[in-house]
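Here are some friendly questions and answers for a first look at this structure. Each answer sets a value beside the rule behind it.

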Amino acid sequence: MSQETIVSPSLRRTIPGALVLTAAMTMLPAIAQQASDTAPLQRVEITGSSIRRIAKEGALPVQVLTQEEIKKSGATSASDLIQMLPAMQGFVPASSSVNGGGGGATTASLHSLASKYTLVLLDGQRMAPTALGAGQGGGFAVNLESIPLDAVERVEILTDGASALYGSDAIAGVVNFILKKNKTDASVYANVQSPQHPGGKSSNFAISKGFGDLETDKFNILASYSHDEQQQLLASQRSVSSQGAYLPFSSGGKNYIFDQRTSNTEPANITVKAYPTGGDPATATTYTFNPFYTKNGNCGSALAGVQLSGSDATCRFNYAATVQDIPATKRDSGLLKGILKLGEDSNLWGELVVSRFDMLAQFAASAQPMGVNSTTRLPTIWDKYVAPYLAANGLTATDGATLGYRSISAGGRADDFVTNARHLAFGLNGLSMGWNYNASLTLSHSEIQDNAAGGYTDYTGLASLVADGSYDPLTGTGAGALRSYLLNGTTFSKTRSDLNTVHGGAQHDVFALPGGTAIVSLGGDYSQTRYRIGYNPLILSGSGFSSQPASSDYPVGGTYGLVPFDASRNNWGVFSELLLPVTKTLESTLSARYDSYDKVHSREVYSLLADPVSGLNEKLADADLGNTFSSATYKASFRWTPIEKLLVRGAYGTGFKAPNISDIAGAVTFAGNTAGSYNCPIAGSSGCQPPNSQYDLLSGPNGASGEAGLKPEKSKQWTLGFRIEPLSGLSLGLDLWNVKISNQILSQGIAEQVAFSNPARYSALFVDGYMDPAGYKTIAYTQTAINGGEANYRGIDWDFVYRSRLPFGNLTATWTGTYMLKQNYTSVPGGEVQTDLGVFGPDQAVVFRVQTRLAATLQSGPFTNTLSANYKSGYRDESYEAGTAIFVMNADGTEGETTAFAGLKVPSYTTFDWQGKYAFSKAFTVTAGIKNLFDRNPPLTLQNGGGGNQIGYDGRYADPLGRSFYLTANYAF
């Protein structure tokens, strides 16, 4: 780190809410962060000397990103900055919103633990979180897109658990964005970035102005505004993703074809279960045919091709070739922050952060299987295509048929995710009768609105066009009429999250020890959390929601069968911390916290009827659901400096994570389709789909109380590390850490991959003959939240710094990284221990053995040059059984027989960045840079678990932009 500012322990321990700049201070009080420049505090400026830094670094590992380091990174958003750090794995990237369940959010995630275990703070205050899908680990996390990076002074990352001070959510650690303060000048910032290849341009602009000097004028006001734009990058614009779901590749000297094209296409396929007329219905089998292919010998589109299986001919569409690699985004953010000096020892402060983030995520045209029969569901299709096929082949259907349809003629689907966030906080801090006191009120609100922006049509309109012959989904004729039923501009859902917190604390010197004065801090907080989701009537269709009129209308290719959600919960906590300077070289810190959570109050409660095949829900009265929770957590840490150039530190503590509101309240509802494609889990079922197909999901909470209800997750964690300066200018820091989570809540229940691989064992979770809200029969898999998982994580973090004065300038080299020693978990209570470490794991994620960043900066007068390297180790990609998605490539390049495949060996991924800055004066600087200097493509992968619909690379782990050039100007006046 180039520079650290340290506030003395006598005030830093007042409030748990922000992070200490160095680990010696363990925790930084929230309110002290608001006005630390105003109080008569002891401060130490540490510039370059690792010996003085050792004297102040302490018991917990804290990384600090100063404003200068943020600029050197080339990051233009909070998510870009955080997600490039080596300690971050398992976060939600922007690409996950391309039909990957991201919902317009990006998150932080330390040490490969799910995002719900990393607490994100703004100026030491909690922020209203957003709900995450099962593919993102479930739970709630702060959307980083609501944080304006230009307003950030520095970022502090605690890479150790902190439940003993913060309560729930801080099992993995804490990320604290510290906003600028006490500025009196004005500054303007502008940035443009342009990739060498088409698509993906971005730009940023920001302006800020401070008024009043806190010491002389007794007040300071800071106002800032920023605007950011990111243009979309299409899969077709990069070679790594342009081939989509039909991907020829080589491995081990053999040629293969990865074919994950979908059977939902236009002209559509028809699947029907039938038996020889006059025969035994028990002998019925599934038949699939495509009338257009039968007549024309092709599938009607360059993006669709035929797949033959016996006498069946199925057209399959290459959906992944039509999606975005990176969605288009716009952000407008504002900050208003003020501090008023009430006296020599007290300050009143307040801050307001508002932001609007707009993400336009575009992916493949609407895929919608639809039921067909001779009477009520698209009877025109039955009479024109199904009945003649059955008669010609001497067959009798056991039930209706399913239309494998995709509205390609209506264009690709697009969701416009609009996030409006508001964070308002007030506080008072001061000194009275030897006590440093503080109090604060935080009102935080986040709202995400999902608007249809392309490709979605309504079923009633489509059915009417089919009925009167204006549109034929089996040939694609009359598609122009279909566009008149586009739902563009329709709001599908609105999700609101509110977090209101009152906090108070105080601290006092208590007694003298050989190493100094012992300090005690006491405090408490009370929070109210509310989470709400409202849906368009089209989305309610098929849910059985009692206030929704009976209707067969729904958005073709969208989510439906859902019900509204409105639930809240109150909780409170008290804490204490004691600093004990045992000797001049040994310091110990003890902290403890007690938390209590009420039951979840659900204002609208729904439960699945006893007959789940109906797909209906009944409305129940308002209720308090789940269990009450209380938990006591503690932490003990030490720092020891046996010699001046060596510091040894360690910590041991416990943590807990309360079940999320959505784990307890809500309804078991239709949740779309499985992420993977599977063979039929119930042999002979009338709901069986063609081989390698997706099935329906039912998802919901566990609102039971007592032993049947959910319980808090528990954790134990420890760290042991050192920092040493063996040579002048060289500082080496290394920390071994370990986290064990028990009673882990599996929000998605038993993972779908586990259940489909052993359907006999989990037969109770499959709903045979489930009637999809779209009107066709299938099989549904039920996922409800359960306790019972266990997870273990262990690794080594390092932070090496070297500084030297050379004849031609000052050199600074930094090397940071994380080496994962262990990562494993169970997907079912008492189940098999599984891992993602170095492999594409059962939960469709990868944990990299090594992530590291090496940077060298040379400052020569007004010139500053930085060269950095970013490295991720390789891994083994997912394996495939025969009969799934891997085919042998014939000599003529065509698709041969299916084959088992052990999985690709994905190579390591290294990119280099360069940045050059010229300071024309202290007020004006210009920076030019190149990201991905050598234009390295992401490594080839065949899976992209929760990263979106892209195929060819995994958008969670690699950037498809390629070489990009950027130019930045900063001016202060």
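Q: What makes M889 and E895 a matched pair?
A: M889 stands opposite E895 in β52. Two bridges join β51 (residues 886-889) to β52, and the two run antiparallel. Two strands pair if DSSP finds at least two bridges between them, so β51 and β52 count as paired. Strands themselves are DSSP runs of E with at least two residues, and helices are runs of H or I with at least four, numbered from the N terminus. This is a predicted model, where local features need pLDDT of at least 70, side-chain atom pairs count only at pLDDT 80 or more, and totals for chains, interfaces and linings use all residues. Residues are numbered from 1 along each chain as its sequence is written, while side-chain values use heavy atoms, leaving out hydrogens and water.

Q: Why are β14 and β52 said to stand at the edges?
A: Their open sheet has four strands in the order β14-β15-β51-β52, paired antiparallel. β14 (246-251) and β52 (895-898) each have a single partner strand, so one side of each is left without a neighbour in the sheet.

Q: How do you know that β54 and β55 pair?
A: DSSP must find at least two bridges, and strand β54 (residues 909-919) and strand β55 (residues 924-931) pair over six, in the antiparallel sense. One example is K917, which stands opposite T927 in β55. A hairpin of four residues joins β54 to β55. On to the next partner: eight bridges join β55 to strand β56 (residues 964-972), again antiparallel, and V926 has A969 in β56 as its bridge partner.

Q: Why is the link between D472 and K384 called a salt bridge?
A: The name needs a side-chain nitrogen of Lys or Arg within 4 Å of a carboxyl oxygen of Asp or Glu. For D472 and K384 the N to O distance is 3.1 Å, so the pair qualifies. D472 lies in the loop between α9 (459-467) and α10 (479-482) and K384 in helix α8 (residues 379-392), so the salt bridge ties together parts that are 88 residues apart in sequence. A search of the whole structure finds 26 salt bridges.

Q: What makes D472 buried rather than exposed?
A: Buried means under 20% relative accessible area, exposed means over 50%, and partly exposed lies in between (1.4 Å probe, protein chains only). D472 has 8% relative accessibility, so it counts as buried.

Q: How do you know that R530 and D566 differ in burial class?
A: R530 has a relative accessible area of 27%, so it is partly exposed. D566, at 12%, is buried. Their side chains meet in a salt bridge (2.8 Å, N to O), which links strand β29 to strand β31 (residues 565-580), 36 residues apart.

Q: What makes a group of residues a nonpolar core?
A: A nonpolar core is a set of buried Ala, Val, Leu, Ile, Met, Phe, Trp, Tyr and Cys residues joined through side-chain atoms within 4.5 Å. The largest one here has 43 residues, and I82, M88, I147, V155, V175 and F177 touch the most other members. Leaving aside neighbours within four places in sequence, M88 is in contact (heavy atoms within 4.5 Å) with residues including I82, A108, L110 and V175. A second, separate core of 40 residues includes V272, M370, Y389 and L698.
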